[in-house]
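This report introduces a protein model to a reader who has not met it before. It proceeds from the overall fold to the cores, then to selected helices, ring pairs and loop residues.

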Amino acid sequence: MAENSRRWAEISRRYRTYIKLEKRLSANTVESYMRDLEQFAHFVLRMWDVPPRKVESQMIERYMAWLYDRGCEKSSQARALSGLKSFFNYLLLTDAIESSPLEFIEMPKFSRRLPDVLSTAEIDRILAAIDRTTPKGVRDDAMLELLYSCGLRVSELISLRLCDLFFGEGYIRVIGKGDKQRLVPVSSTAVRLIEYYLDQRASLPVDEHHADTLFLNNKGKGLTRVMVFHIIRECAKAAGITKKISPHTFRHSFATHLLAGGASIRQVQEMLGHESILTTEIYTHLDRESLRGS
């Protein structure tokens, strides 16, 4: 058992390097994959004492049944299986195995919770509730318009730099997950609001370490995710909207409104920066009639 444990540990170390540096997965995803892999390795070693290259389909099926018996949610089972597929695909790439034991194993079926969505009227009410007579209001107006009209993640929004704005060409450059760049069309309304904000920003103090950051707080430093969350919640409250919303609600709403307006699923996938179209397809299941509220 000691020899096979050593083989699992050695391959696991190389796999960690692969998903971190070559696949460029986030730190949280890397740790999640590695925890699941370690648990699977312990199960296989305890039950059969074989190295990674000797794992067979029935072993994985037994493992999935074990997870089920332990009361694991289907989402956790799916995550574990996804991680194992990634691991054995890595073994295929490195010629450690000739075929994957997961080739004919299907992901567990479960219903995904549909994301909360705001109607276009509700988006308008939130934006209209902003007090544009203050520097903060001018910033929030530009920021929320950009967040919605470009379908940005909150992390993408707060990391935007002045050098990412290409208004003459009609787009912004966005750094998404895994440091992947994409170009997103920017609306004339967002351009106008951002340019007005930049005029105001020029007279405000700016921390030297955040000189190129687009959206700043009142101390001249970059905003945090929590700050954006609170700004949105304040605006929603002022607009009389009681739905529980977050920055990601704007992204969900953007995607759903695009599809309702006739955009193709591929176009929405590119706009959102989804690596897999399966992630984007959840929006096709939303009831578009519910978006016509006032």
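## Overall architecture

The secondary structure of the protein chain comprises twelve helices and three strands. The model is a predicted one. Taken along the principal axes, the C-alpha atoms of the protein chain fill a box of roughly 70 × 45 × 35 Å. The chain has 294 residues, of which 43% count as buried. Among contacts in the protein chain between residues at least 6 apart in sequence, 60% join residues at least 24 apart.

## The nonpolar cores

The largest nonpolar core contains 46 residues. Those with the most contacts inside this core are Ile-126, Leu-144, Leu-146, Leu-152, Ile-172, Phe-215 and Phe-250. At least two residues of this core are supplied by each of several elements, namely α5 (120–128), α6 (135–149), α7 (154–158), β2 (171–175), α8 (188–201), α9 (225–238), α10 (247–260) and α11 (265–272). The largest share, seven residues, comes from α6.

Apart from this core lies another, of 31 residues, which includes Ile-11, Phe-43, Ala-80 and Leu-91.

Ile-172 illustrates the packing in the largest core. When its neighbours within four places in sequence are left aside, Ile-172 is in contact with Leu-146, Cys-150, Leu-152, Leu-160, Asp-164, Leu-165, Phe-167, Arg-182, Leu-183, Val-184 and Val-186.

## A buried aspartate in helix α2

Asp-36 is located in helix α2 (residues 27–47). Is this residue, Asp-36, buried or exposed? Its relative accessible area is 9%, so Asp-36 is buried, the cut-off for that class being under 20%. The side chain of Asp-36 makes a polar contact with the side chain of Arg-79 at 3.0 Å. Beyond residues up to four places away in sequence, Asp-36 touches Tyr-63, Arg-79 and Ala-80.

## Helix α3 and its two faces

Helix α3 spans residues 57–69 and has 13 residues. From its first C-alpha to its last, α3 reaches 18 Å, close to the 18 Å expected at 1.5 Å a residue. Which residues of α3 are buried? They are Met-59, Ile-60, Tyr-63, Met-64 and Leu-67. These residues cover an arc of only 140° around the axis, and they therefore lie on the same side of α3. The buried residues of α3 pack against α2 and α4. The face turned away from the buried side of α3 carries the exposed residues Tyr-68 and Asp-69. Just after α3, Gly-71 takes a positive phi of about 85°.

## Aromatic pairs

The structure holds 15 aromatic pairs. One of them joins Tyr-15 and Phe-87, whose ring centres are 5.2 Å apart and whose planes meet at 85°, so the pair is edge-to-face. Tyr-15 lies in helix α1 (residues 2–22) and Phe-87 in helix α4 (residues 74–93), so this pair ties together parts that are 72 residues apart in sequence. Both Tyr-15 and Phe-87 are buried.

Phe-43 and Trp-48 form another pair, with ring centres 5.8 Å apart and planes at 70°; this pair is likewise edge-to-face. Phe-43 is buried, with a relative accessible area of 3%, whereas Trp-48 counts as partly exposed at 28% relative accessibility.

Ring pairs also link a series of residues into a cluster: Trp-8, Tyr-15, Tyr-18, Phe-40, Phe-43, Trp-48, Tyr-63, Trp-66, Phe-87, Phe-88 and Tyr-90. Several names in this cluster have appeared above, among them Tyr-15, Phe-43 and Tyr-63.

## Loop residues with positive phi

Most residues other than glycine have a negative phi. Two aspartates in loops depart from this pattern: Asp-49 has a positive phi although it is not a glycine, and Asp-95 has a positive phi although it is not a glycine. The table sets out both residues.

| Residue | Phi | Location | Relative accessible area |
|---|---|---|---|
| Asp-49 | about 50° | loop between α2 and α3 | 28%, partly exposed |
| Asp-95 | about 60° | loop between α4 and α5 | 68%, exposed |

Asp-49 thus sits in the loop between α2 and α3 and is partly exposed, while Asp-95 sits in the loop between α4 and α5 and is exposed.

Key
Residues numbered from 1 in each chain as written. Predicted model: local features only at pLDDT ≥ 70, side-chain atom pairs only at ≥ 80, totals over all residues. Heavy atoms only, no water. Core = buried A, V, L, I, M, F, W, Y, C linked by side-chain atoms within 4.5 Å. Buried < 20%, exposed > 50% of the residue type's maximum accessible area, 1.4 Å probe, protein only. Helix = DSSP H or I, 4+ residues; strand = E, 2+ residues; numbered from the N terminus. Contact = heavy atoms within 4.5 Å. Polar contact = N/O pair within 3.5 Å; in protein donor to acceptor, adjacent residues only side chain to side chain. Phe/Tyr/Trp six-rings, centres within 6.5 Å; stacked < 30°, edge-to-face > 60°. Expected span 1.5 Å × (residues − 1). Arc of directions from axis to C-beta.
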